[in-house]
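Thanks for coming, everyone. Let me put the structure up, and then we can walk through it together.

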Amino acid sequence: MTLRTPVPLLTKRYLLRGSHKLDFEPRLHGHDYRIEITVKGPLDPKCGWIFSRDGLDRIVKLHLIDPLDGKDWSRKFPFSSGEALRHYFFETLKASELGTHLVSLQMQETEKNRFP
Amino acid sequence: MPHSLPVTARLARKAYFSSAHRYFNPALSEKENQEIFGSCFSPYGHGHNYVLEAYFEGPIDPATGMVMNLHDIDQILKAVVGPLDHHHLNFDIPYFKSIIPTTENIAKYLFENIQSHLQSSSFSKVELYKVRLHENEDLWVDYGFLEAAP
């Protein structure tokens, strides 16, 4: 249902690099994943934004970039398909301090495919 | 091929503008501003090549098959973004004297202005349902009647 009060959503995009292998492509290979994180919330009257940019950067760095960037994800997760990774990343942020602000996490694997 | 058209349709159009801004709340001390806004607080400001996408929904004119002519949309978008283009938002735009020109607030400003231009045009039955404002490739704000937002 469409709301009749206009609301803002903020999206920031991050680079996360990792390698994986798949059933149909069992050789280890990697991608420069683009992770698009969308957050909601009321406009903070003091700062004029929904969420602090530095705050979002810190959370993403702590929970995704530091532990995962440049790693072999096929050793870290039971499945390392794009569908599965997108889900793990979303659930990781959902359980973090970003929790209630998080609306969606979309992932672009290559120019030709994304996991919305 | 079906010959009848649906009653309503959606369309979107882009517009570009380049503006300077700084994040600064006069009610806070210099130190607090620095802590909250970091590099966005610099007294001179800095700029972005903003990309605005405006999304419209409205009745299809049976005479033309269109909701709105792109030329008419461009006239409205130009009237709204023109005054911002190549200006310092904090210094030159009265609305942003008291409101921090964050991407969220600029998106809200654009949404409300396009809405009011639309309502006073001959396309008052067309609704602006969303704007997406890109500050750069890695940061954007959607503002409008968003289905995903609770």
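Chain B and chain A bury about 2,400 Å² between them. Carbon and sulfur atoms give 58% of that area. Bear in mind that this is a predicted model.

Which residues of chain B supply the most? Glu104(B), Trp140(B) and Phe145(B) supply 26% of the area that chain B buries against chain A. No other three residues supply more. As for head count, the contact takes 27 residues from chain B and 24 residues from chain A.

Now the polar side of this interface. Between chain B and chain A there are four salt bridges. There are also 11 residue pairs in polar contact, counting pairs with both residues at pLDDT 80 or more. Which elements of chain B give two or more residues to the side that touches chain A? They are helix 1 (30-37), helix 5 (103-119) and strand 5 (139-144) of chain B. Strand 5 of chain B gives the largest share, six residues. By class, this side of chain B has 15 nonpolar, five polar and seven charged residues.

Stay with strand 5 of chain B. Its partner across the interface is strand 1 (residues 7-22) of chain A. Six bridges join the two strands, and they run antiparallel. To see one of the pairings, find Leu9(A): its bridge partner is Asp142(B).

Next, one of the charged pairs. Arg13(A) and Glu137(B) meet through their side chains in a salt bridge, at 3.6 Å from N to O.

Let's turn to a single residue, Thr102(B). Where is Thr102(B) found? It lies in the loop between helix 4 (95-98) and helix 5 of chain B. Is Thr102(B) buried or exposed? Its relative accessible area is 0%, so Thr102(B) is buried. What is Thr102(B) in contact with, leaving aside neighbours within four places in sequence? On chain A, the contacts are Cys47(A), Gly48(A), Trp49(A) and Arg53(A). On chain B, there is Tyr23(B). Look at Gly48(A) in particular. The backbone oxygen of Gly48(A) lies 2.5 Å from a polar atom of the Thr102(B) side chain. Here is a distance for scale. Asp72(B) is 30 residues from Thr102(B) along the chain, and their C-alpha atoms are separated by 28 Å.

Now chain A by itself. Its secondary structure comes to two helices and five strands. From the N terminus on, the order is β-β-α-β-α-β-β. The C-alpha trace of chain A spans about 50 × 30 × 25 Å along its principal axes. Chain A has 116 residues, and buried residues make up 45% of them. Take the contacts in chain A between residues at least 6 apart in sequence: 60% of these join residues at least 24 apart.

Last topic: salt bridges over all chains. How many does the structure hold? The total is 15.

Two of them sit inside chain A. In one, the side chains of Asp57(A) and Lys12(A) meet at 2.9 Å, N to O. This pair links distant parts of the chain, 45 residues apart. Asp57(A) is in helix 1 (residues 53-68) of chain A, and Lys12(A) is in strand 1 of chain A. Asp57(A) has a relative accessible area of 26%, so it counts as partly exposed. Lys12(A) has 13% relative accessibility, so it counts as buried.

In the other, Arg114(A) bridges to Glu36(A), with the closest N and O atoms 2.9 Å apart. Here too the pair links distant parts of the chain, 78 residues apart. Arg114(A) is in strand 5 (residues 113-115) of chain A, while Glu36(A) is in strand 2 (residues 25-40) of chain A. Arg114(A) is partly exposed at 34% relative accessible area, and Glu36(A) is buried at 9%.

Chain B offers a local example. Lys108(B) and Glu112(B) form a salt bridge at 3.4 Å, N to O. Both are in helix 5 of chain B, four residues apart, so about one helical turn separates them. Lys108(B) is partly exposed at 23% relative accessibility. Glu112(B) is also partly exposed, at 32%.

To finish, back to the interface. Arg13(A), Glu137(B) and Asp138(B) are joined into one network by salt bridges that share partners.

Terms used:
Residues are numbered from 1 along each chain as its sequence is written. Chains are lettered from A and ligands numbered from 1 in the order in which they are written. This is a predicted model: local features need pLDDT of at least 70, side-chain atom pairs count only at pLDDT 80 or more; totals for chains, interfaces and linings use all residues. Side-chain values use heavy atoms; hydrogens and water are left out. Contact means heavy atoms within 4.5 Å. Buried area is the accessible area (1.4 Å probe) that two parts lose on being put together, summed over both. A polar contact is a pair of N or O atoms within 3.5 Å; within protein, one must be able to donate a hydrogen and the other to accept it, and residues adjacent in sequence count only if both atoms are side-chain atoms. Ala, Val, Leu, Ile, Met, Phe, Trp, Tyr, Cys and Pro count as nonpolar, Asp, Glu, Lys and Arg as charged, and the others, Gly among them, as polar. Two strands pair if DSSP finds at least two bridges between them. Buried means under 20% relative accessible area, exposed over 50%, partly exposed in between (1.4 Å probe, protein chains only).
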